[in-house]
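Colleague: Hi, have you got a minute to go through this model with me? I'd like to ask a few quick things as we look.

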Amino acid sequence: MTDSYLWIKVLHVLAVISWMAGLFYLPRLYVYHAENPDKQEIDSVFKVMERRLLKAIMRPAAVVALATGVILIPLGGWDSPMPSWLAWKLMLVLAMSFFHGMLEIHAVRFREGRETRSGRYFRVVNEVPTVLLIGIVILVVVKPF
């Protein structure tokens with residue numbers, strides 16, 4: 001393995017950690033936001049927090065995580081043929097990306113005052129990235145197939 005592979009892997013791991021932090025925290029903000037719909041001052045604070053989390057942390061981290069992941073595939077020699085564990089991991093990463101997109105849609109709805117989902121809904125949604133992350137880590141570390 002080359003030094004460039006290892007440094008790109010470091011960048012990938014750091015970006016994934018940052019992205020996951022946002023994916024864990026944003027639904028929790030949505031819980032509190034949804035449970036305080038009539039409090040204008042709190043509503044304004046949540047909108048700022050949600051926007052900053054998405055704009056300053058989650059979007060850049062997701063882009064770096066995905067880009068470095070794509071770069072690592074050929075550098076790791078996993079492009080031809082692609083191992084089954086990696087194909088499954090990529091499907092879970094795609095699901096994680098869709099989840100991120102869903103959170104972006106909810107941010108717009110909160111910002112426009114159109115969000116109708118309850119705090120309970122967001123409590124359940126908050127578990128999705130945990131389940132996906134467990135699957136991804138198992139696939140990457142254990143490589144079961």
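Colleague: Let me jump right in: which residues of helix 5 are buried?

Modeller: Pro129, Leu132, Gly135, Ile136 and Leu139 are the buried ones in helix 5. Buried means under 20% relative accessible area, exposed means over 50%, and partly exposed is in between, with a 1.4 Å probe and protein chains only. A word on the source: this is a predicted model, where local features need pLDDT of at least 70 and side-chain atom pairs count only at pLDDT 80 or more, while totals for chains, interfaces and linings use all residues. Residues are numbered from 1 along each chain as its sequence is written, and side-chain values use heavy atoms, with hydrogens and water left out.

Colleague: Why do those buried residues of helix 5 end up on the same side?

Modeller: The buried residues Pro129, Leu132, Gly135, Ile136 and Leu139 cover an arc of only 130° around the axis, so they sit on the same side of helix 5. That arc is taken from the directions from the helix axis to the C-beta atoms.

Colleague: And what is exposed on the face turned away?

Modeller: Val131, Val141 and Val142 are the exposed residues carried by the face of helix 5 turned away from its buried side.

Colleague: What covers the buried residues of helix 5?

Modeller: The cover includes helix 1 (3-34), helix 3 (84-111) and helix 4 (119-125).

Colleague: How many residues does helix 5 have, and what span does it reach?

Modeller: Helix 5 runs over residues 128-142, which is 15 residues. From first C-alpha to last it reaches 21 Å, close to the 21 Å expected at 1.5 Å a residue. The expected span is 1.5 Å times one less than the number of residues. Helix 5 is followed by Lys143, which has a positive phi near 50°.

Colleague: Let's zoom out. How many helices and strands does the protein have?

Modeller: Five helices and zero strands, so from the N terminus on the elements run α-α-α-α-α. Helices (H or I, at least four residues) and strands (E, at least two) are DSSP runs, numbered from the N terminus.

Colleague: What box do the C-alpha atoms fill, and how much of the protein is buried?

Modeller: Along the principal axes, the C-alpha atoms fill a box of roughly 55 × 25 × 20 Å. Of the 145 residues, 34% count as buried. The accessible surface comes to about 8,700 Å², and 68% of that belongs to carbon and sulfur atoms; the areas come from the Shrake-Rupley method with a 1.4 Å probe, and for residues only the protein chains shown count as cover.

Colleague: New topic: Trp19. Buried or exposed?

Modeller: Trp19 is buried, with a relative accessible area of 5%. Its place is in helix 1.

Colleague: What does Trp19 touch?

Modeller: Not counting residues up to four places away in sequence, Trp19 touches Met58, Ala61, Ala62, Ala65, Leu66, Met96, Ser97 and His100. Contact here means heavy atoms within 4.5 Å.

Colleague: On to charges. How many salt bridges are there?

Modeller: The count comes to four. A salt bridge is a side-chain nitrogen of Lys or Arg within 4 Å of a carboxyl oxygen of Asp or Glu. One of them joins the side chains of Glu35 and Arg123 (2.5 Å, N to O). Glu35 lies in the loop between helix 1 and helix 2 (40-75) and Arg123 in helix 4, so the pair ties together parts that are 88 residues apart in sequence.

Colleague: How exposed is Glu35, and how exposed is Arg123?

Modeller: Glu35 is partly exposed at 41% relative accessibility, and Arg123 is partly exposed at 34%.

Colleague: Which residue does Arg59 meet in a salt bridge?

Modeller: The side chain of Arg59 meets that of Glu104 (2.8 Å, N to O). This pair links distant parts of the chain, with Arg59 in helix 2 and Glu104 in helix 3, 45 residues apart. Glu104 counts as buried at 18% relative accessibility, whereas Arg59 is partly exposed at 38%.

Colleague: And where do Asp43 and Lys47 lie?

Modeller: Both are in helix 2, four residues apart, about one turn of the helix. They form a salt bridge too, with the closest N and O atoms 2.9 Å apart. Asp43 is buried at 11% relative accessibility, and Lys47 is partly exposed at 26%.
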